[in-house]
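I open this notebook to record what I looked up in the structure. The sheet comes before the ligand.

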Amino acid sequence: MDSATGRSDIALSVTDVVKSYGPNKALDGVTITVRRGEFVALLGPNGAGKSTLFQLLSGLFTPDGGAIEVAGFDIRKNAVPALSSLGIVFQAPTLDQELSVLANLRFHTDLHGILPRVAKERIASELAAVGLTERQHDPVRNLSGGNKRRVELARALLHEPTILLMDEPTVGLDPRSRREILTHVLNLKRERRIAVLWATHLVDEAEESDRVVVMRNGKVLTSGTSADLRRDVGTKTLSEAFLKLTGGGQTTEAA
Ligand code: ADP
């Protein structure tokens, strides 16, 4: 148990989750655990089921079978505390392009019922952390892709989630922005003990995780540290291990 909260040390528990689209089983008995303060990379080629899993985790859909708990709360029976323990950055941008950065963030704190004084402090602090204080009054549409992603990350943290869900968060970004976002999230993990589930098809983004979960065709193939995976599969690099595990799917090094 976590002494600070009295709750379990498990930030996210996915147990035997099944989800089908018609006859197509997108998730076929997926079990994944993420502990508080742990950075887990969910690595799989396109079509592995990563986005489907994230849609279930964020409460957009319900699984056909299995159970999901966030910070010890069942996502179906205790949806409000479960969902408010999640911070989510989706692959597709979800900011209102016409509103200012600040208005987008305020909208989120209002949705979460955070008191205005607290909201003001948190917004200032998260904007400073991503280096966007100066841009707070700009409409989102004027920001670069990298800065938009930084705003999404700042927003995901405003309600102080137990776990951050990052669904391929660096898609479409230049190498420098990708690196900065990854570094920021690794720091959040270390400094605030936030758990992270980071879905990607890029091996280099998984290298610095505490644990890698490899998915393919709706199933978890294996899970372990990068060193575990290299040893178990008998390869020198994580990239080679993935290619072997996933049969040369679309899992790749970043360009
Ligand atoms: P990933 O995010 O790893 O690329 P997805 O979760 O998008 O994987 O896809 C998993 C499987 O589910 C794939 O076979 C995909 O074609 C299928 N799928 C995903 N979304 C839908 C949908 N809305 N309708 C039907 N099939 C879908």
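**Sheet and ligand shell**

I began with S5, where Asp74 is the bridge partner of Glu69. The model is a predicted one: local features need pLDDT of at least 70 and side-chain atom pairs pLDDT 80 or more, while totals for chains, interfaces and linings use all residues. Residues are numbered from 1 along each chain as its sequence is written, and side-chain values use heavy atoms, without hydrogens and water.

I looked up the pairing of S4 (residues 65-70) with S5 and found two bridges in an antiparallel arrangement. Strands are DSSP runs (E, at least two residues), helices likewise (H or I, at least four), numbered from the N terminus; two strands pair if DSSP finds at least two bridges between them.

I then traced the open sheet of four strands, and its order is S2-S1-S4-S5 with antiparallel pairing. S2 and S5 (73-74) are the edge strands with a single partner each, so each has one side without a neighbour in the sheet.

I turned to the ligand and listed the residues around it (a heavy atom within 4 Å), among them Tyr21, Ala26 and Pro45. By class, I noted four nonpolar, six polar and one charged residues in this shell; Ala, Val, Leu, Ile, Met, Phe, Trp, Tyr, Cys and Pro count as nonpolar, Asp, Glu, Lys and Arg as charged, and the others, Gly among them, as polar. H1 gives the largest share, three residues.
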